[in-house]
Amino acid sequence: MQTPASIAVVPRDLHFRLEPARDANWLGGDPVATAVFNALSLTFPEGERLFIDAVRKFRSHAQGRLVDDVRAFIAQEAIHSREHAALNSGLDRSHYPIEWIEGCVRKRIGFIRRLGPMRMLGVTIALEHFTAMLAEAFDADPDLWRHTDEELVRLWRWHAMEETEHKAVAYDVFRAATRDWSAARRYLFRTRVMALVSVHFSMNITRYAAALLEADGVGHWKARWQVARFLFVRPGLFRRLGPRYREWFRPGFHPWQHDNRAKLEEWRREFA
Ligand SMILES: [Fe+2]
Ligand SMILES: [Fe+2]
C-alpha cells in the first residue's frame with residue numbers, strides 16, 4: 001500500500017482570529033468539551049515541534065515525491081504550532097494552570113527526545129495516527145461544534161484537513177528509514193510504541209483537562225470523571241476511535257488503507 005498519487009500535501013499559511021477562545025466555555029458553551037480541546041491545543045506546539053524534528057532527522061531516506069511531502073509536512077506542522085500557540089497564549093493564565101500543563105508537556109517531550117531519533121519517529125507516527133483519527137471524529141460530530149464561534153470552528157477544521165492530508169508522511173518516512181528491518185521487527189516496534197503512547201496520551205489529556213475544570217471549581221475526582229466520561233462514554237470522543245485505532249495493529253497497516261479522500265476533497269473546497 002502506498003500513499004495515493006492524488007494526495008499532494010499543501011501548506012496553507014492561514015491566520016485565525018482567536019480572541020473568542022478567551023471565553024471560558026468557547027466550545028459550544030460546554031465546559032468539559034472546552035477543557036478537553038484546550039488540553040489538546042496545549043500539547044500541540046511542543047508535540048508538533050517533536051514531529052518536525054523526528055521527520056527531519058530521517059528525511060535523507062525519502063525519495064521521489066516523499067521529499068516534497070516531507071517539506072510540506074514540516075511547513076504544515078510549523079503553522080499549526082504557531083496558531084495553537086497563539087490560541088494557548090490567549091487562555092486566562094491567571095485563572096487556569098496553563099503554565100503547569102505546558103511544563104508537564106515540555107517534560108514529557110524532553111523525555112521522548114532523549115530516547116533518540118528512532119523512538120522520536122515511533123512516537124510521531126503513533127500520534128499522527130491519533131491526530132488523523134481525531135480529525136475525522138471532530139468532523140463526524142457536528143453537535144459538538146454547534147454554538148461555537150465560526151473562526152474557532154475554522155481553525156479546528158483546517159487543522160483536521162491538513163492532518164488528514166499528511167497522515168501518511170511520517171509513516172512513509174518511517175518505512176523508508178527502516179527499509180532494512182524485517183517486517184516482524186518493524187511491526188513489534190510500532191505496536192509497542194502505540195501501546196505506550198495510547199496509555200500516556202489518554203492519561204495526560206485527562207489529567208490536563210481535569211486540571212482546567214478544577215480551576216473552575218469542580219472537585220478533583222468529579223473533574224476526572226467528567227473528562228473520562230466525555231472521552232470514553234458520551235460523546236465518547238476517544239471511544240469512537242476504536243475500530244480505526246485497531247487497524248494500526250494489523251500487519252501491513254498503512255494510513256491510506258482507510259481511504260477518506262472524498263472527505264479531504266470536501267475540506268479542500270472549503271479552504272480553496
Ligand atoms: Fe498538526
Ligand atoms: Fe500532523
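With angles of 52 to 149 degrees among its six donor atoms, the iron ion (ligand 2) sits in an irregular site. This is a predicted model, so take that geometry as computed from predicted coordinates.

**The iron pair**

Let's stay with that iron for a moment. On the protein side, the donors of the iron ion (ligand 2) are Glu 77 (OE), Glu 128 (OE) and again Glu 128 (OE), Glu 163 (OE) and again Glu 163 (OE), and His 166 (NE2). They lie 2.0 to 2.7 Å from the metal. If you read along the chain, the donors of the iron ion (ligand 2) follow the spacing E-x50-E-x34-E-x2-H.

There is a second iron to look at. The iron ion (ligand 2) and the iron ion (ligand 1) are 3.8 Å apart, with Glu 77 coordinating both. The pair ties together distant parts of the chain: Glu 77 is in helix α2, while His 166 is in the loop between α6 and α7 (169-177), 89 residues apart.

What holds the iron ion (ligand 1) on the protein side? Its protein donors are Glu 48 (OE), Glu 77 (OE), His 80 (ND1), His 159 (NE2) and Glu 163 (OE), at 2.0 to 2.3 Å from the metal. In sequence, these donor residues are spaced E-x28-E-x2-H-x78-H-x3-E. Here too the pair links distant parts of the chain, with Glu 77 in helix α2 and His 159 in helix α6, 82 residues apart.

**How the helices pack**

Now for the helices themselves. Two packed helices are described by the angle between their axes and the distance between the axes. Here are three pairs side by side.

| Helix pair | Angle between axes | Distance between axes |
|---|---|---|
| α2 (residues 65-89) and α6 (residues 150-165) | about 155 degrees | 11 Å |
| α4 (residues 117-139) and α6 | about 130 degrees | 8 Å |
| α4 and α8 (residues 183-215) | about 60 degrees | 9 Å |

Start with α2 and α6, which pack at an angle of about 155 degrees. That angle makes α2 roughly antiparallel to α6, and α2 passes α6 in a left-handed crossing. On the α2 side, the contact uses Gln 76, Glu 77, Ile 79, His 80, Glu 83, His 84 and Leu 87. Facing them in α6 are Leu 152, Leu 155, Trp 156, Trp 158, His 159, Glu 162, Glu 163 and Glu 165. By type, the residues of this contact of α2 with α6 split into six nonpolar, four polar and five charged. Several names here should look familiar from the metal site: Glu 77, His 80, His 159 and Glu 163 are among the donors of the iron ion (ligand 1).

Next come α4 and α6, with an angle of about 130 degrees between them. That makes α4 oblique to α6, and the crossing of α4 and α6 is again described as left-handed. Glu 128, Thr 131, Ala 132, Ala 135, Phe 138 and Asp 139 in α4 touch Trp 156, Arg 157, Ala 160, Glu 163 and Thr 164 in α6. The residues of this contact of α4 with α6 come out as five nonpolar, two polar and four charged. Glu 128 and Glu 163 both show up as donors of the iron ion (ligand 2).

The third pair is α4 and α8, at an angle of about 60 degrees. That makes α4 oblique to α8, but α4 passes α8 in a right-handed crossing. From α4, the contact takes in Met 118, Arg 119, Gly 122, Val 123, Ile 125, Ala 126, Leu 127, His 129, Phe 130 and Leu 134. They meet Phe 189, Arg 190, Val 193, Met 194, Val 197, Ser 198 and Phe 201 in α8. The residues of this contact of α4 with α8 divide into twelve nonpolar, three polar and two charged.

**Two backbone details**

A couple of spots in the loops deserve a look. The peptide bond from Arg 234 to Pro 235 is cis, with omega near 0 degrees, and Pro 235 lies in the loop between α9 (220-232) and α10 (242-247). His 147 has a positive phi of about 60 degrees, although it is not a glycine. You will find His 147 in the loop between α5 (142-145) and α6.

Notes: Residues are numbered from 1 along each chain as its sequence is written. Chains are lettered from A and ligands numbered from 1 in the order in which they are written. This is a predicted model: local features need pLDDT of at least 70, side-chain atom pairs count only at pLDDT 80 or more; totals for chains, interfaces and linings use all residues. Side-chain values use heavy atoms; hydrogens and water are left out. Axes are lines fitted to C-alpha atoms, for helices over the stretch in contact, and angles run from 0 to 180 degrees between N-to-C directions. Helices (H or I, at least four residues) and strands (E, at least two) are DSSP runs, numbered from the N terminus. Angles under 35 degrees count as roughly parallel, over 145 as roughly antiparallel, 65 to 115 as roughly perpendicular and the rest as oblique. A crossing is left-handed if the near helix is turned anticlockwise from the far one by less than a right angle, and right-handed if clockwise. Contact means heavy atoms within 4.5 Å. Ala, Val, Leu, Ile, Met, Phe, Trp, Tyr, Cys and Pro count as nonpolar, Asp, Glu, Lys and Arg as charged, and the others, Gly among them, as polar. Donors are N, O and S atoms within 2.8 Å of the metal (3.2 Å for Na, K and Ca); water is not among the atoms, so sites may look incomplete. Four donors count as tetrahedral if all angles lie between 85 and 135 degrees; four count as square planar and six as octahedral if opposite donors are over 155 degrees apart and all others between 65 and 115; anything else is irregular.
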